[in-house]
Amino acid sequence: MRAVIVAAAVAFLVSLFGTPIAIRVFTALKAGQPIRSIGPATHQGKKGTPTMGGVAFIIATCLAYVAGHAALTTLPEAQIAQVGPTITALVLLGLFVFCGAVGFIDDYLKVRRRNSGGLSGRYKLVGQAIVGGVFGVVALYFPSTNTETVGSTEISFIRDIEWFDVTKVGSVIIFIFVVMAASNGVNLTDGLDGLATGASVMVLAAYGLIAFWQYRHWCADPSYTADYCYAVRDPLEIALIAGAAAGACVGFLWWNTSPARIFMGDTGALGLGGLIGGLAMASRTMLLLLIIGGLFVIITMSVVIQVISFRTTGRRVFRMSPLQHHFELAGWSEVNIVVRFWIIAGIGVAIGLGLFYSDFLTGVS
């Protein structure tokens with residue numbers, strides 16, 4: 001537990017004090033966020049706010065991972081957990097960094113062209129699919145010494161559903177879908193100061209708790225003799241990375257809350273979504289992500305409903321999608337929307353954690 005706390009604390013401090021440096025750098029580079037003319041009028045005042053801030057918390061998380069491993073070497077926990085870098089860390093941090101890199105290209109093109117076009121939707125999806133595919137293969141085809149892989153060939157809810165085997169090839173395809181869905185879900189949730197950052201903190205913290213609970217009841221732990229255990233690979237690694245990313249996002253939120261001094265951009269949104277999707281797959285809680293990340297699901301569905309309705313009937317269900325902009329046009333203040341949506345995100349996280357723990361109680365009773 002101390003290693004996870006160290007990682008979270010280091011990530012928080014690096015992000016808190018590193019983000020102002022990013023603000024100065026991106027301001028000097030004139031990397032201001034272009035604002036769509038068709039968006040809410042209140043957003044025009046945000047034009048020129050530096051973007052690509054996701055770079056700050058991605059770097060903070062990676063540095064904190066190293067610090068967390070340094071702390072691991074001094075703990076008895078290291079007798080169970082792998083002290084050195086693992087395939088699990090490669091997959092999770094790889095998704096974080098390279099999904100973030102796809103977003104960085106998008107942000108760079110927006111800044112260079114001075115418009116909100118950026119990378120075309122098709123190429124953005126292709127980039128996400130390539131990243132998801134590469135790390136999906138690594139997650140499914142590189143077992144550890146106890147034969148566990150990062151991903152599973154079985155569909156999972158709170159744990160693997162044994163009768164729902166989709167084979168390795170099918171699992172890689174699902175891995176790609178989950179990464180793409182999560183990264184686009186977080187990206188659609190971005191757009192109001194602090195909204196996606198705060199919601200991501202809750203989801204990441206939830207996965208930190210889930211993974212640490214799995215570590216304390218890990219089938220690979222020789223000291224754990226109960227019948228009910230979790231067959232996952234490197235759960236302490238998962239907890240450490242989730243905790244570090246949550247801490248980094250809290251530090252970033254200090255500068256990203258309204259009025260934002262910097263935006264995470266697609267760099268941060270796609271990176272966070274890729275990481276969250278990877279955490280769900282690595283912790284074998286794929287379907288539980290629909291509940292834990294409920295806010296992302298709701299906002300994504302608002303876009304899907306809007307598009308389907310407009311293309312089939314010519315009418316819009318919402319004043320504007322994603323959903324947060326509908327409420328802006330309805331007269332809600334930005335701060336009210338953010339706080340109320342955070343509450344929705346918190347409810348989803350609470351329900352998800354409750355289901356996870358109730359499954360454990362049912363198993364040991």
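This passage describes salt bridges in a predicted model, with attention to where the paired residues lie.

Eight salt bridges are present in the structure. A good place to start is Lys-124, which pairs with Asp-106 at a closest N to O separation of 3.4 Å. Helix 4 (residues 121-141) carries Lys-124 and helix 3 (residues 87-113) carries Asp-106, so this contact ties together parts that lie 18 residues apart in sequence. Both Lys-124 and Asp-106 are buried.

Lys-124 also forms a salt bridge with Asp-266, and here the closest N and O atoms are 3.0 Å apart. Because Asp-266 belongs to helix 8 (residues 265-282) while Lys-124 belongs to helix 4, the pair links parts separated by 142 residues in sequence. Asp-266 is buried, as is Lys-124.

Turning to another pair, Arg-284 forms a salt bridge with Asp-160, with 3.0 Å between the closest N and O atoms. Arg-284 sits in the loop between helix 8 and helix 9 (289-292), whereas Asp-160 is in strand 2 (residues 160-165); the pair therefore ties together parts that are 124 residues apart in sequence. With a relative accessible area of 5%, Arg-284 counts as buried, because the cut-off for that class is under 20%.

Finally, it is helpful to view some of these contacts together. Through salt bridges that share partners, Asp-106, Lys-110, Lys-124 and Asp-266 are joined into one network. Within this network, Lys-124 is paired with Asp-106 and with Asp-266.

Note on methods. Residues numbered from 1 in each chain as written. Predicted model: local features only at pLDDT ≥ 70, side-chain atom pairs only at ≥ 80, totals over all residues. Heavy atoms only, no water. Salt bridge = Lys/Arg side-chain N within 4 Å of Asp/Glu carboxyl O. Helix = DSSP H or I, 4+ residues; strand = E, 2+ residues; numbered from the N terminus. Buried < 20%, exposed > 50% of the residue type's maximum accessible area, 1.4 Å probe, protein only.
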